[in-house]
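Here is a short note for a colleague opening this entry. Please read the points with the model on screen.

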Amino acid sequence: MPPTIYYHVALPVPLRDNFDYLGPSGLDGIRLSEGVRVKVPLGRRILVGMVVGTSVTTPVPDSRLKAIREVLDDAPLLPPPILALLRWAARYYRHPYGEVIRAAIPARLRSGLSVDGVTHSHWYASVGEMPSQLSKRAPRQAAVLGTLLDHMDTGTPAEVLNAEHERWRDAMRALVEKGLAERREQPCPGPPVEGPDKPHGSMQVSLNPGQTEASGVIRQAMGRFAPVLLDGVTGSGKTEVYLSAIEGVLASGRQALVLVPEIGLTPQLVDRFSTRLRVPLAVMHSGLSDTERHCAWRMAGTGRARVVIGTRSAVFTPLPQPGILIVDEEHDPSFKQQDGFRYNARDLAVYRAKLEGIPVVLGSATPSLESLANVTRGKYTSVALPERAGPARPPSVSIIDLRRHRTTDGVSGPLRERIAAHLERGGQVLLFLNRRGFAPALLCNDCGWAAPCSRCDSLLTLHAGQASMRCHHCGAQRSVPDRCEACGGSDLLPVGQGTERVERALREWFPQVPLVRIDRDTTRRKGALEGHIRAIRSGRHRILIGTQMLSKGHDFPQVTLTGILSLDNGLYATDFRASERLAQLIVQVAGRAGRADRPGEVCLQTHLPDHPLIQSLIHRGYQGFAQTALAERRAAGMPPFSHMALLRAEATARDEPMRLLETVRGKVVVADASKAVQFGPAPAPMERRAGRFRAQLMAIAPRRQELDPVVDQWLGELRENGRGRSVRWSLDIDPADVL
Ligand code: ADP
Ligand code: ZN
Ligand code: ZN
């Protein structure tokens, strides 16, 4: 008799990594592979889990062992390198393996649906060439048909059409009616593409010497693990370097995975990549429907998609022939997942590249201090692109001292003059302000009362558009009070500026000039951000007002003036990463100006013109800033020169989180106090949010091995005594912020 095999099944439940089960009855002699999904009973529930290992012994007594109820996949859903990545991530972030797996697969698959049976629409041209006259009579239809003709061999999915055309569906309907185009429902993922990929570049730019060198370094690293930091100023042509490296990867029959921080950046890249590379692309981001996401995942996983572009969670996408991983804007905090399984997709990309034995390129104009430190340590190769590509020159930067210039609705006189001058010369103007709504406070002029959020330690923001007061921390909403709730006075004053207020002022000053505001309020509708960005790039809008959504890597060639209205809040912030974030923000926002042939100008309004951060950025650039900041972090023993873990707790009763964390802290026996140090517990900087009081406990150690025992002891105590309490807790390894 062969020994009984016990299957380790990872389930999405807290605190445990996996559970042992007997094989399914009736399937004796068949051994399930790792990576296959199964349905199993747990307590009174039936859960979908994944087989992650087997053994011939189990600590579970026979009487309690149950059998797998159902096997959901014929072949493993996740290949060995992805399982290895997830197992490593589960251990590194101390998160249950089953929950990590769950976070890594599309929703349809989490719920146990089959991998097959999904269809995906593709459009094809029904003619071999562009009918004469079409571009004259119906330019939009001609443009759409042009895209279809460009992708005859693969068909064109909606993602590519979305990226390249505005309201393409109307044009497509007309094309279909005329018999010029047709739609085919292809079973997802569709037939594989035959033969090696032959990217035939149109609009090929010839790389400049810096780009050639960068691309050479990456191409030489093909086929082995090599992390490369592509440290290139905004507009230096990093994307061209990615494209060139990807062309090499495609030519060798391999796939490329490109991670971007924001969904708003994907259409721009998809557009550029699809016109240049002419291979099937898959796009993965949170704006997709479950079916679309599933299909993109399958396109990647079967090898049909040669290039995958996606946000954070796309780092887990299986690829049968991986050739390169690229993380664009690697410094961006959105690569860090902020709830549940709190992983950093950039860091996981590097580990994945190591597992797969391929190069990983981290690109940024403002590299994270972590990555710069890894260059210094010799772990990463750095290639620099210190100059802008093509004709573009670096923008000139001037400081407007707000102690000497009064502002009206957030805009000083000198800035207003510059705006007028740039508009007159036909440039686009971008105004950056990190606060949406009309005003961050509504204040009583008689007694100083300000409308608070009843559930947070914070004030409500006045939103003029919806005539409401809103909390930006918990989402609470109320009507705008017409009297002071403290003294009954009626003289209530909106204090400070939000994007709505700046918009109103600019519309009044420049009534003829088309303007767009971009913030969370104007981009809620699906596809709205993409639409705005396309309209900006087409030159339809001349004034752009926005929050950090506008600061990310967008290429707006017509912007010649960037005005940074205020960053002073950031200069007072307490988080240890605040200055790094602020420097990145300033440099990134500034980098939106003058990206093409017209010279760019940046105006920075501030009450603190002599602040060391501003001075060092102006005189020594981001590099200079980063060197100083790294020296400070080293002196303070902060990351990247140490490892940090943060334990957060929250409850409706004020003292409970503190009490729990005190207990947890007290259980830790640190053998050598010079190695790992605990800080706190302390109330969070904003203690009450959404009606819950929050506290945190931090541990810092010079090396990860020294941090681990502390975290283990925290978790041990929480497992034993943290349950059944009304305190919610969460562990954050390498926290992105400590707020
Ligand atoms: P980044 O990704 O570094 O911000 P991009 O790759 O978007 O830079 O390039 C910025 C601009 O410069 C784009 O409009 C791009 O077409 C142009 N560009 C890039 N490389 C070259 C080159 N070698 N010659 C001419 N123009 C270039
Ligand atoms: Zn009052
Ligand atoms: Zn609130």
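1. Start with cysteine 474. At 22% relative accessibility, cysteine 474 is partly exposed (between 20% and 50% relative accessible area; buried is under 20% and exposed over 50%, with a 1.4 Å probe and protein chains only). Cysteine 453 is buried, at 3%.

2. This is a predicted model, where local features need pLDDT of at least 70, side-chain atom pairs count only at pLDDT 80 or more, and totals for chains, interfaces and linings use all residues. Residues are numbered from 1 along each chain as written, chains are lettered from A and ligands numbered from 1 in written order, and side-chain values use heavy atoms, without hydrogens and water.

3. The zinc ion (ligand 3) has the protein donors Cys453, Cys456, Cys471 and Cys474, each through SG, at 2.2 to 2.3 Å. Donors are N, O and S atoms within 2.8 Å of the metal (3.2 Å for Na, K and Ca); water is not among the atoms, so sites may look incomplete. Their spacing is C-x2-C-x14-C-x2-C.

4. The zinc ion (ligand 3) site is tetrahedral, with angles of 103 to 114° among its 4 donor atoms. Tetrahedral requires four donors with all angles between 85 and 135 degrees.

5. The zinc ion (ligand 2) has the protein donors Cys444, Cys447, Cys484 and Cys487, again through SG, at 2.2 to 2.4 Å. The spacing here is C-x2-C-x36-C-x2-C. This site is tetrahedral too, at 105 to 113°. Cysteine 484 is buried, at 4%. Cysteine 487 is partly exposed, at 41%.

Key: Four donors count as tetrahedral if all angles lie between 85 and 135 degrees; four count as square planar and six as octahedral if opposite donors are over 155 degrees apart and all others between 65 and 115; anything else is irregular.
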